[in-house]
Amino acid sequence: MNITLKAKILLLTVIPLIALTLTITWVTQRQAISLSEQQQSIIKDSLMEGKRRALRDYVNLAMTSIMPILEEMEDNQKLPQHHAEFEIKRILSSLTYGPDGYFFAYDRNGINIVLPAQPDLVGQDLINIQDPNDQFIIQDMLNIAHNGGGFYQYVWHQPSVDQQTNKLSYVLAIPQLGWMMGTGLYLDDIEAEVQQLENKVDSNIRRTFVAASLLLAITLTLVVVVVIIINIHATHLADDRLKELAHRSESFQIIQRRTFARELHDGINQLLVSAKLHLGLVKRKWPEDLDKQHLNKTEELLNLSIQEVRRVSHNLRPILLDDLGLKSAIHGILDGLENQGQVAVKRKVKLPDSRLPDAIEMTVYRLIQEAITNIQKHADATEVRVSVRSNDRFVTVVVEDNGDGFIPREQLNSGIGMMNMRERVELLGGKFTVRSHYKQGTTVRAELVLNPTTAQELDPTPKDLTPQELNFQAGFSEHDSQGQPTHGGDEVDPLSTSDQLTSTQRRESE
């Protein structure tokens, strides 16, 4: 896959940005999770320590409550043991706190003695009871009590919610009776608080991730937009530069064609005309008729050569465009169409007194010439309207006819003439449009931009001919040596007939 340089630069900009953003986001999330775990551990340890202190206090309070009975039982058997046991069971059963706070007692064999929350278990052997974690609850607590007492965590039924819940108990031994006594606190509040904290942390992490993603998306969007704007700006600059270079190239070609056309007209054409004059003088004085036939053939060849030179010169650069200007040249084309008598011509030509840039003048001239040619060949029109207007910024050319019309898309794709007109206009940065409907005529419109800089680059005013040169050219264009009018090729040179020249001069004066 081929990747453009602009795409590579964009990727080099975007990929590190994405990698950096993802890395920062991942590090931030890991740190947030680590801090959350530490915070949860600290809070859990703090809450657990508070519960441990409370359990010690509860157990000490219970021991204080039953200690007089134990002392009285040991003091010379003043109180029988079975009475002491009964009294201690009554006291422990009555000691409660909170919705799930109670005391329990077991003998050394695991027989339950006191369990107010679950009286149905009193008197049962629970030595082998296990919690969901496979812990032998009573055996473990008896061992802890036998070793001096301590804390034990396990899973036990919680009466207030009627479900199995983690519980922390503190147990001590009552050696006088061979019992294990203790109390416990359920840890559901700690778990709920830790879970709430964990949810908050998760929510913060999600918000951080969303914010980072949104920031990344906004940043990437800005980067892409900036790159697109820069690319568009660079493309416009490149297009403007390309158009300027194309304009310069076109202007240079026009200068070269004008120079070459003038050299053909003023050099070779004059030599041919001069040779024709001398040949005419020789023919009038030549005595032999047979030799005169060869002279006549030679004269015909010279006439054809003169006409061909004029045709080539006119195709390269119309002499009328240089000598009398664009306005007269346009009127010359339209006069030629009007003189044929088949098409009515309506014209409106408004151009400044100063000359336009050479490239603009040549494009306008060729555009009208090509449009008129297309009308003659294909339109079968009876009326043509031509409008040429100019202001400080644009030159607008509109050519309309009431002919047969066509489908613009097909004609633009296949017609050489239309393609040439479009290319000429767009080469100078102009706009070219065609509107046509079948049997409803055609409108060709071109808008050319006047570029002040390029208008100053070239001297659009050619060197004027002297009156003698103009009369000399007009005389030989109108008549040959025998007084016969001459016409060259498919096109008639605007300077080739006195009628057209006079009409053009009249239009110019108007």
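This short talk walks through two hairpins, some salt bridges, two surface patches and a few loop residues of one structure.

Morning, everyone. First, the ground rules. This is a predicted model, where local features need pLDDT of at least 70 and side-chain atom pairs count only at pLDDT 80 or more, while totals for chains, interfaces and linings use all residues. Residues are numbered from 1 along each chain as its sequence is written, and side-chain values use heavy atoms, with hydrogens and water left out.

Some vocabulary. Buried means under 20% relative accessible area, exposed means over 50%, and partly exposed is in between, with a 1.4 Å probe and protein chains only. Helices (H or I, at least four residues) and strands (E, at least two) are DSSP runs, numbered from the N terminus. Two strands pair if DSSP finds at least two bridges between them.

Let's start with strand S4, residues 150-158. How many of its residues are buried? The count is 7 of the 9, so S4 is largely enclosed by the rest of the structure. Its partner is strand S5, residues 163-174. The two run antiparallel, joined by 9 bridges. One pairing to look for: Trp156 has Thr165 in S5 as its bridge partner. S4 and S5 make a hairpin, with 4 residues between them. In that turn, Asp162 has a positive phi of about 55°.

Now the second hairpin. Strand S10 covers residues 431-436. In a regular strand the side chains alternate between the two faces of the sheet. S10 shows an alternation. Phe432, Val434 and Ser436 point to one face and are buried. Lys431, Thr433 and Arg435 point to the other face and are not buried.

S10 runs antiparallel to strand S11, residues 442-449, with 6 bridges joining them. Which residue in S11 is the bridge partner of Thr433? It is Arg445. The hairpin of S10 and S11 has 5 residues between the strands. Lys439, in the turn, has a positive phi of about 65°.

Stay with Arg445, in strand S11. At a relative accessible area of 33%, Arg445 counts as partly exposed. It also belongs to a surface patch of positive charge, together with Lys348, Lys350, Arg389 and Arg435. What makes a patch? Its residues have over 30% relative accessible area and no salt bridge; like charges are joined within 9 Å, and nonpolar side chains (Val, Leu, Ile, Met, Phe, Trp, Tyr) within 5 Å. Lys and Arg count as positive, Asp and Glu as negative, and His and the chain ends are not counted. A charge is placed at NZ of Lys, CZ of Arg, CG of Asp or CD of Glu.

There is a nonpolar patch too. Ile3, Leu11 and Ile15 make it, at about 250 Å². Areas like that come from the Shrake-Rupley method with a 1.4 Å probe; for residues, only the protein chains shown count as cover. Leu11 sits in helix H1, residues 5-74, and is partly exposed at 40%.

On to salt bridges: a side-chain nitrogen of Lys or Arg within 4 Å of a carboxyl oxygen of Asp or Glu. The structure holds 12. One of them joins Lys346 and Glu383, with the closest N and O atoms 3.7 Å apart. Lys346 lies in strand S7 (residues 344-350) and Glu383 in strand S8 (residues 383-390), so this pair ties together parts that are 37 residues apart in sequence. Lys346 is partly exposed, at 47%. Lys346 and Glu383 also share a network of salt bridges with Arg385 and Glu400.

Another pair is Glu361 and Arg355, at 2.7 Å from N to O. Buried or partly exposed? Glu361 is buried, at 2%. Arg355 is partly exposed, at 23%.

Then Glu426 and Arg422, with closest N and O atoms 3.2 Å apart. Both lie in helix H10, residues 416-427. They are 4 residues apart, about one turn of the helix. Glu426 is partly exposed at 39%, and so is Arg422 at 24%.

Last stop, the loops. Asp134 is not a glycine, yet has a positive phi of about 65°. Where is Asp134 found? In the loop between strand S3 (112-114) and helix H3 (137-146). Asp134 is exposed, at 58%. Asp380 also has a positive phi, near 55°. Its loop runs between helix H8 (358-379) and S8. Asp380 is exposed, at 63%.

That's the tour. Thanks.
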